[in-house]
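Thanks for coming, everyone. I have a few minutes on one structure. Please bring it up on your screens.

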Amino acid sequence: MIQLHAVSKTFDSGPLVLDEVSLTLDEGAFVSLLGPSGCGKSTLLRIIAQLEHSTSGSVEFGDGLDVRSDISIVFQEPRLLPWRSAVDNVCLPLELAGDSSKEAGLDVLELVGLEDAIDKFPNELSGGMRMRVAIARALVTNPKVLLMDEPFAALDEITRERLNDELLSLWQGRGWTVVFVTHNVSEAVFLSEDVVVMTKNPGRIHSRERIQFDGDRTSRLRGEEQYGKRVVQLQSLLRDVFHDAD
Amino acid sequence: MTRIRSAAKQVWPPLLLALLFFAAWEAVVSLSGNRNLQYILPQPTHIFAEAVKHWEALRGATWNSALMALSGFSLSLITGCLIAFIMSQAKWVERSAYPYAIFLQTVPIVAIAPIIILWFEAGRQSVIVISFIISLFPIITSTTTGLTHIPREWDELFTVYDANWWQRLIKLRIPTAVPFMINGARISAGLSVVGAIVGEYFTGLSTGGGDDFGLAYLLMSTQADANYSYLFATTFAAAMMGLCIFGGVNGISKWIMTAGHFEEV
């Protein structure tokens with residue numbers, strides 16, 4: 001669905017941020033980009049969203065995929081406009097496309113469990129609820145691809161786990177293609193089918209790990225041995241990668 | 001109920017302090033038996049009696065001056081926002097126009113008042129223009145800042161959604177600028193009062209004996225008549241007027257900020 005061919009990036013005359021990164025994202029896949037801060041994973045996501053241009057290499061969109069209408073991005077911060085209520089924030093993308101109806105907005109707010117907060121303003125919502133509104137805003141355009149840039153990094157552990165559960169079940173039901181940037185190993189293992197491990201200075205893909213479990217993925221998975229084992233494996237892989245880098 | 005109680009908590013202490021202050025003033029001046037002191041520092045009761053006696057004139061003058069100040073302030077608000085909008089269109093426009101905006105702030109108002117009267121003739125219009133000029137600058141600078149300093153995160157959001165220039169202006173830049181504009185307006189309101197009184201001094205409004213005189217005329221005439229109790233009463237009226245205009249603008253600002261869910265800057 002999306003293919004990156006030898007994408008490299010330098011900012012002005014700075015050092016190389018991404019070094020010939022090639023990546024294939026299949027339709028309906030949940031892929032995490034995992035790596036330490038400064039490995040260029042967010043930059044990679046922003047290049048896919050065309051918020052940055054690659055210095056060299058190319059991004060190819062398949063099947064008539066339109067970057068502006070078929071791809072949604074969820075940023076690290078909720079980026080809600082304080083003067084707009086939850087539903088008005090959610091409907092902003094539609095409004096800017098010339099559609100002033102609120103129905104789709106109400107539907108996605110219900111989907112993220114905020115049907116009681118539609119008329120609340122951002123300053124009346126908790127951090128987790130604000131992020132839910134931001135996710136609803138990304139979903140309101142009915143995208144095929146969801147790009148998420150460490151969306152839960154600023155939330156506490158309990159809220160993060162709950163939102164992970166919700167995201168997982170939404171993805172299972174809807175079948176979007178999700179690219180999820182994170183530096184949290186257990187989050188990556190819990191959510192993704194594929195974890196792309198990145199190294200830094202310059203940002204490169206180290207390896208692509210397939211994550212598979214017996215049985216359905218639900219919140220119960222966190223208590224299972226197969227999950228714990230996979231997290232430990234990936235953690236030690238990351239340690240080795242960075243030990244080599246130092 | 002709790003709101004009323006908390007409001008009372010805010011009002012009572014300063015009111016009590018004022019009462020104590022006036023009581024002490026009254027006591028010191030009357031007990032001193034010093035004629036000279038009583039002449040240049042009239043007792044509060046005498047000032048109050050004088051205020052009651054000239055109630056009609058004081059009320060009329062305060063109202064006229066307030067009208068001048070509010071007219072100047074309103075003009076500043078409208079013109080300032082328009083100028084800010086033009087200046088925010090391009091960096092080079094802002095850079096070329098900014099020195100002249102600074103000129104507005106740095107030129108002593110008393111230095112240009114004669115020219116304004118020369119152009120607009122002595123009368124209310126000149127007073128309004130002087131009040132307008134002195135209160136314009138804060139609106140221009142703060143609104144321009146608001147219109148041009150759009151947080152990068154929001155700007156990017158509008159890029160992602162392919163917003164056009166007009167949508168960006170209406171749905172992003174203007175709402176972002178509102179709290180900035182309000183901060184400018186708070187400063188501007190106080191300045192417009194100063195401008196109105198200074199303007200009235202220069203135009204000598206209603207030395208001809210009409211009933212459209214303002215506080216400056218009363219200040220000048222009571223000073224000339226050496227009626228110092230009346231002078232003090234007029235000064236208090238001017239202070240009250242300034243306080244009311246500032247309080248009113250502050251109240252409206254607070255209401256806009258809360259009702260519109262804007263964030264303080």
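**A quick tour of chains A and B**

Let me start with contacts in chain B. Take those with a separation of 6 or more: 73% of them come from residues 24 or more positions apart. Keep in mind that this is a predicted model.

Now the build of chain B. What does it consist of, in helices and strands? It has 11 helices and 0 strands. Read from the N terminus, the elements go α-α-α-α-α-α-α-α-α-α-α. The C-alpha atoms of chain B fit a box of roughly 80 × 55 × 25 Å along the principal axes. Chain B has 265 residues, and 44% of them are buried.

Next, the surface of chain B. The accessible area is about 14,700 Å². Carbon and sulfur atoms account for 70% of that. Look for a nonpolar patch made by Ile115(B), Leu118(B), Trp119(B) and Phe120(B). Together these four offer about 480 Å² of accessible area. Ile115(B) sits in helix H6, residues 109-120 of chain B. Why does Ile115(B) count as partly exposed? Because its relative accessible area is 38%, and the partly exposed class runs between 20% and 50%.

On to charge. Chain B carries 15 positive and 15 negative side chains. The centres of those two sets lie 8 Å apart. Chain A has a surface patch of negative charge. Its members are Glu103(A), Asp107(A), Glu110(A), Glu115(A) and Asp116(A). Find Glu115(A) in the loop between helix H4 (103-111) and helix H5 (127-139) of chain A. Glu115(A) has 43% relative accessibility, so it counts as partly exposed.

Now for charges that pair. Side chains of opposite charge can do so when their charged atoms come close. How many salt bridges does the structure hold over all chains? There are 23.

Here is one to zoom in on. Glu156(B) and Arg79(A) meet through their side chains in a salt bridge, at 3.0 Å from N to O. Glu156(B) is in helix H8 (residues 152-160) of chain B, and Arg79(A) is in the loop between strand S5 (71-74) and helix H3 (86-96) of chain A, so this pair joins two chains. Are these two residues buried or exposed? Glu156(B) is buried, because its relative accessibility is 8%, under the 20% cut-off. Arg79(A) is buried as well, with a relative accessible area of 7%.

Glu156(B) has another partner. Arg152(B) and Glu156(B) form a salt bridge through their side chains, also with 3.0 Å from N to O. Both residues lie in helix H8 of chain B. They are 4 residues apart, about one turn of the helix. Step back, and there is a network here. Salt bridges with shared partners join Arg46(A), Glu52(A), Glu77(A), Arg79(A), Arg152(B) and Glu156(B).

One last pair, within chain A. Asp88(A) makes a salt bridge with Lys102(A), and their closest N and O atoms are 3.3 Å apart. This pair links distant parts of the chain, 14 residues apart. Asp88(A) is in helix H3 of chain A, and Lys102(A) is in the loop between H3 and H4. Asp88(A) is partly exposed, with a relative accessible area of 24%. Lys102(A) is partly exposed too, at 34%.

That is the tour. Thank you.

Notes. Residues numbered from 1 in each chain as written. Chains lettered and ligands numbered in written order. Heavy atoms only, no water. Patch = residues over 30% accessible without salt bridge, like charges linked within 9 Å, V, L, I, M, F, W, Y side chains within 5 Å. Areas by Shrake-Rupley, 256 points an atom, 1.4 Å probe, with all protein chains shown as cover. Lys, Arg positive; Asp, Glu negative; His and termini not counted. Charge placed at Lys NZ, Arg CZ, Asp CG, Glu CD. Buried < 20%, exposed > 50% of the residue type's maximum accessible area, 1.4 Å probe, protein only. Contact = heavy atoms within 4.5 Å.
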